[in-house]
Amino acid sequence: MPDPHDADAIRTALAEIASLLAPAHPAVAEEVLRAHDSPHDYVSAFGGRLAERGIDEPVDNLAWIALIDALDARGLLAEFDWKEDAREIRVRLQKLESRPSVDPWVLFEPEETLLPTEQFLHVCGRRYREIGAALAVLDIESDCCPVVGLRAARADELTALAGRAGFPVQHLGTGRRGR
């Protein structure tokens, strides 16, 4: 495993994560690498987007924030707060470009939609797994929950790449957390 402080290894892992989560959107990798390579330039270019997060200068996890924002801007990520309604979670997950072709919502039990946000998100993760998809949180250590969808078969790859880049990922519905 490369040294987590090795800028080239981190850069490579970030580019591979962007490619994994946004294969049809090369601009995602470009934004992430810009944040990694030229943080001041990135902050200048995306100041409006970053202001919503209270960021007005480079921060340690800027490339990770850039990934989340770039995915969100392209409909590849849904960000939830800690008290999100189950109906809203469902609507936003169904709008993701990366949603599975098979509808996991037919597997849900009515009482599951009454669960608190965090528990409901884990149920969503389990239901997605049942159809071969996965939901992962790209953790930014705040009270929000940025969620991406991907094929379950590639979830371990995401965990490994995030670990190489030095950022946390939590797989919903599995109890697995990686860094």
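**Entry 1. Contacts of E31**

I took contact to mean heavy atoms within 4.5 Å. The model I was reading is a predicted one. With that cut-off, I looked up E31 and found that E31 touches Y42, F46, R49, A66, A70 and R74, leaving out residues up to four places away in sequence. I placed E31 in helix α2. Is E31 buried or exposed? I noted a relative accessibility of 10% for E31; buried means under 20%, so E31 counts as buried. I then looked for a polar partner and found that the side chain of E31 makes a polar contact with the side chain of R74, at 2.7 Å. R74 is also in the list of residues that E31 touches.

**Entry 2. The nonpolar cores**

I turned next to the largest nonpolar core, which has 43 residues. Which of its members touch the most other members? I recorded I17, L21, W64, L67, L71, L138 and L158. I then asked which elements give two or more residues to this core. The helices are α1 (7-21), α2 (26-37), α3 (39-45), α5 (62-73) and α8 (155-165), and the strands are β2 (133-138) and β3 (144-151). The largest share comes from α5, with nine residues.

I followed L21 as one of the members with the most contacts in the core. Setting aside residues up to four places away in sequence, L21 touches L71, L76, L138, V148, L150 and L158. I noted that L71, L138 and L158 are, like L21, among the core members that touch the most others.

I also entered a second, separate core of 19 residues. F80, A86, I89 and C124 are included in this second core.

**Entry 3. The largest pocket**

I looked up the largest pocket and recorded about 340 Å³ of space in it. The lining has 20 residues, and those closest to the centre of the pocket are L20, S98, G149, L150 and R151. Which elements give two or more residues to this lining? I found α1 and β3. By class, I entered eleven nonpolar, five polar and four charged residues for the lining of the largest pocket. I noted that L150, listed here as close to the centre, is also one of the residues that L21 touches.

**Entry 4. The second largest pocket**

For the second largest pocket I recorded a volume of about 240 Å³. Of its 17 lining residues, E118, D143, C144, C145 and Q170 are the closest to the centre. I found that β1 (77-81), α7 (117-130) and β3 each give two or more residues to this lining. α7 gives the most, with four residues. I divided the lining by class into seven nonpolar, four polar and six charged residues.

**Entry 5. The loop between β2 and β3**

I examined two residues of this loop, beginning with I140, whose place is between β2 and β3. I140 has a relative accessible area of 12% and is therefore buried. Apart from neighbours within four places in sequence, I140 is in contact with R53, W64, I65, I68, E79 and P146. W64 is also one of the members with the most contacts in the largest nonpolar core. I read a separation of 8.3 Å between the C-alpha atoms of I140 and F167, which are 27 residues apart along the chain.

E141 lies in the loop between β2 and β3 as well. Is E141 buried or exposed? I entered E141 as exposed, because its relative accessible area is 60% and exposed means over 50%. I also noted that phi of E141 is near 50°, a positive value in a residue other than glycine.

**Entry 6. E112**

I placed E112 in the loop between α6 (86-95) and α7. E112 has 12% relative accessibility, so I counted E112 as buried. Not counting residues up to four places away in sequence, E112 touches L107, F120, V123 and R127.

**Entry 7. Two exposed helix residues**

I found H40 in helix α3. H40 is exposed, with a relative accessible area of 60%. I read 21 Å from H40 to A9, C-alpha to C-alpha, for residues 31 places apart in sequence.

I found A73 in helix α5. At 53% relative accessibility, A73 counts as exposed. The C-alpha atoms of A73 and F108 are separated by 28 Å, with their positions 35 residues apart along the chain.

Note on methods. Residues numbered from 1 in each chain as written. Predicted model: local features only at pLDDT ≥ 70, side-chain atom pairs only at ≥ 80, totals over all residues. Heavy atoms only, no water. Core = buried A, V, L, I, M, F, W, Y, C linked by side-chain atoms within 4.5 Å. Buried < 20%, exposed > 50% of the residue type's maximum accessible area, 1.4 Å probe, protein only. Polar contact = N/O pair within 3.5 Å; in protein donor to acceptor, adjacent residues only side chain to side chain. 1 Å grid on protein atoms, 1.4 Å probe; cavity = no way out; pocket = protein on both sides within 12 Å on 5 of 7 lines; lining within 4 Å. Points joined across faces, edges and corners; volume = space filled by probe spheres on them. Nonpolar A, V, L, I, M, F, W, Y, C, P; charged D, E, K, R; others polar.
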